Amino acid sequence: MIKVSRRAASIAPSMTLAISAKANELKAAGVRVINFGVGEPDFNTPEHIINAAKDAMDKGYTKYVAAAGLPALKKAICKKFKEDNGLDYEPSQIVVSNGAKHSIFNALFVTIDDGDEVIIPSPYWLTYPEVVKSCGGVPVYVQTSRESGYKMTAEQLERAITPKTKMLILNTPSNPTGSVYVREEIEKIARVCVKHNILVLSDEIYEKLIYGGEKHYSIAQVSPEMKELTIVINGVSKSYAMTGWRLGYLACAPVIAKAISSFQSHSTSNVNTMTQYAAIAALEGDTAPMEKMIAAFGDRREKMMKILDGYKSIGLDYVKPDGAFYVMLVVDKLFGKSYKGKKIEGSMDVADLLLTEKQVAVTPGICFGDDSTIRLSYALSLEDIKAGLEKIAELAREAE
Ligand SMILES: Cc1ncc(COP(=O)(O)O)c(C=O)c1O
């Protein structure tokens, strides 16, 4: 009998697979499914970015380049960190990888030893625990609450620290909650991390997608000591509608960047060369298409919240999201009720009923460590958002 490694066996299959397979089956049968499950912008990559990739190919830039990234791209990334975050990094502290997900994997691979604990505030992006486990680490969850806007406090963090704690994963703006940590909250968390010498993997992939006057603040900005302990993760996927291009990057202490560069040089090598030229155009080119996209997300968020405010009377609640493009809809008042003879016991049942009875696809909160909610993305048209929310409300009204 063939046995996979212990590490591979520890990785959970995606809980969303069953739901998305069913949604695809319905679509293939010609049923129109409204999909709140999307995790990527419903906008095309801006034309000037596409042209930069075409231009690179026409010029023959189709060969291997430095494993950690093109010098010109690293320079553009350093400029971005300086201008957007007030952070000074040398190009040698930057590593460009195949998407932010790959950057996260690399960062954990070179810092986590067997048995090291990694603190993850919950609800969390479902990839974090699986990457931690695949690198031999142990995920330690800190449960946040609706009352705190799904944000972990410094006190909660300090309570979760043990002699084995190696790292905290902080994600702001957050997938799935949309919460944005403000400067004071981050400063308090940083104080704890510096005191206990804990690394922070700061996933800032949704940095540009912030609404309602909130501002992004990176934990690396707090102090030179905190910057030394921080691995900042970012990329072009969400901000520039470039999810399929696969380019993420990180910035960190030279010793970590060097280890990641070496590892990447023996694993995937460089991100495809034309995508790197496209990323330079994204970071340095016209920001108007990105601003238009952000404005559209902001408008949908406002309208969605207005509709959801009207649903409190039917037992559906939510925590105001300030960033990314997700809302967690609290559905636990439906638990214990039935719909067409099916008992609703958790978020998976709600997601299943919405799909089969209302043709609406959502992601059950249990995938993110919070069974009381379902996650709704607003990376879909306003028309679909309105029609889909109405169907969710119908189910809530009809359940008894
Ligand atoms: C919080 C978070 N981090 C990282 C990523 C990965 O981004 P990329 O597509 O660049 O790998 C995602 C994508 O869904 C995400 O939601």
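Q: Ala, Val, Leu, Ile, Met, Phe, Trp, Tyr, Cys and Pro count as nonpolar, Asp, Glu, Lys and Arg as charged, and the others, Gly among them, as polar. How do the residues of the shell around the ligand divide?
A: The shell holds five nonpolar, four polar and four charged residues. This is a predicted model, in which local features need pLDDT of at least 70 and side-chain atom pairs pLDDT 80 or more, while totals for chains, interfaces and linings use all residues. Residues are numbered from 1 along each chain as its sequence is written, and side-chain values use heavy atoms, without hydrogens or water.

Q: Which residues are closest to the ligand?
A: Of the 13 residues that surround the ligand (a heavy atom within 4 Å), the closest are Ala100, Asn175, Asp203, Ser237 and Lys238.

Q: What about Ser237 and its distance from a ligand oxygen?
A: An N or O atom in the Ser237 side chain lies 2.6 Å from an oxygen atom of the ligand.

Q: And Lys238 and Arg246?
A: For the side chain of Lys238, the distance from an N or O atom to a ligand oxygen is 2.7 Å. For the side chain of Arg246, the corresponding value is 2.8 Å.

Q: New topic: where is Asn270 found?
A: Asn270 belongs to the loop between α10 (254-266) and α11 (273-284).

Q: Is Asn270 buried or exposed?
A: Asn270 is buried (under 20% relative accessible area, 1.4 Å probe, protein chains only), at a value of 12%.

Q: What does its side chain reach?
A: The Asn270 side chain reaches the backbone nitrogen of Val65 at 3.2 Å.

Technical notes. Polar contact = N/O pair within 3.5 Å; in protein donor to acceptor, adjacent residues only side chain to side chain. Helix = DSSP H or I, 4+ residues; strand = E, 2+ residues; numbered from the N terminus. Buried < 20%, exposed > 50% of the residue type's maximum accessible area, 1.4 Å probe, protein only.
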